[in-house]
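Please look through the sequence and the model shown here before reading on. The paragraphs that follow go from the sheet to the helix packed on it, then to the core and the cysteines.

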Amino acid sequence: MTAPDIEEKPYKIVFEGKGCIGAGRCAEVSGNWEMSLETGLANPKSHYIDEDELEEDLEAARVCPAKNGDGVIHIIDRRTGDELQP
């Protein structure tokens, strides 16, 4: 899969799926997240998001109870390489 243009989708979600505990809180607060009926775990529908989607995905990272270290949902500004803090 080729990444979309940075101008179009300036943020990238890095999801550490192995740390997901299947609580579903991310899917409750963000339309970008869904729960798999097959695995019982969450997945982002898109790993690349724009400004309009950013706040919901930051909230998904905030409410995720799987806080192994720095959490399992990371949002990176592709323009700077910096991780945004939820």
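Contact, as the word is used here, means heavy atoms within 4.5 Å, and axes are lines fitted to C-alpha atoms, for helices over the stretch in contact, with angles running from 0 to 180 degrees between N-to-C directions. Helices (H or I, at least four residues) and strands (E, at least two) are DSSP runs, numbered from the N terminus. This is a predicted model, in which local features need pLDDT of at least 70 and side-chain atom pairs count only at pLDDT 80 or more, whereas totals for chains, interfaces and linings use all residues. Residues are numbered from 1 along each chain as its sequence is written, and side-chain values use heavy atoms, with hydrogens and water left out.

The sheet is a suitable place to begin. Two strands are taken to pair if DSSP finds at least two bridges between them, and by that criterion there is an open sheet of 4 strands in the order β4-β1-β5-β6, with antiparallel pairing. Its edges are formed by β4 (48-49) and β6 (83-84), each of which pairs on one side only. Between β1 and β5 there are 5 bridges, while 2 bridges join β1 to β4 and 2 bridges join β5 to β6. Tyr11 can be followed across this arrangement, since it stands opposite Ile49 in β4 and has Asp77 as its bridge partner in β5; further along, Ile75 stands opposite Leu84 in β6.

Across β1, β4, β5 and β6 lies α2, which runs at about 150 degrees to β5. At the N-terminal end of α2, Asp50 acts as a cap, with a side-chain oxygen 3.0 Å from the backbone nitrogen of Asp52; a polar contact is a pair of N or O atoms within 3.5 Å, where within protein one must be able to donate a hydrogen and the other to accept it, and residues adjacent in sequence count only if both atoms are side-chain atoms. The buried residues of α2 (buried meaning under 20% relative accessible area, exposed over 50% and partly exposed in between, with a 1.4 Å probe and protein chains only) are Leu54, Asp57, Leu58, Ala60, Ala61 and Val63. What covers them includes β1, α1 (25-29), β2 (33-35), β4, β5 and β6. Ser30, in the loop between α1 and β2, is buried with a relative accessible area of 3%, and it touches Glu56, Asp57 and Ala60, not counting residues up to four places away in sequence.

The strand β1 has a covered face, made of Tyr11, Ile13 and Phe15, and an uncovered one with Lys12 and Val14. A nonpolar core is a set of buried Ala, Val, Leu, Ile, Met, Phe, Trp, Tyr and Cys residues joined through side-chain atoms within 4.5 Å, and of the 17 residues in the largest one, Ile13, Phe15, Trp33 and Ile73 touch the most other members. Two or more residues come from each of β1 (11-15), α2 (51-63) and β5 (73-77), and α2 gives the most, with 4 residues. Leaving aside neighbours within four places in sequence, Phe15 is in contact with Cys20, Trp33, Ala42, Asn43, Pro44, Val72 and Ile73.

Why is Cys20 without a bond to Cys26? A disulfide is a pair of cysteine sulfur atoms within 2.5 Å, and the sulfur of Cys20 is 6.3 Å from that of Cys26, the closest cysteine sulfur, which is too far for a bond. The count of disulfides is accordingly 0. Cys20 counts as buried at 14% relative accessibility, as does Cys26 at 7%.
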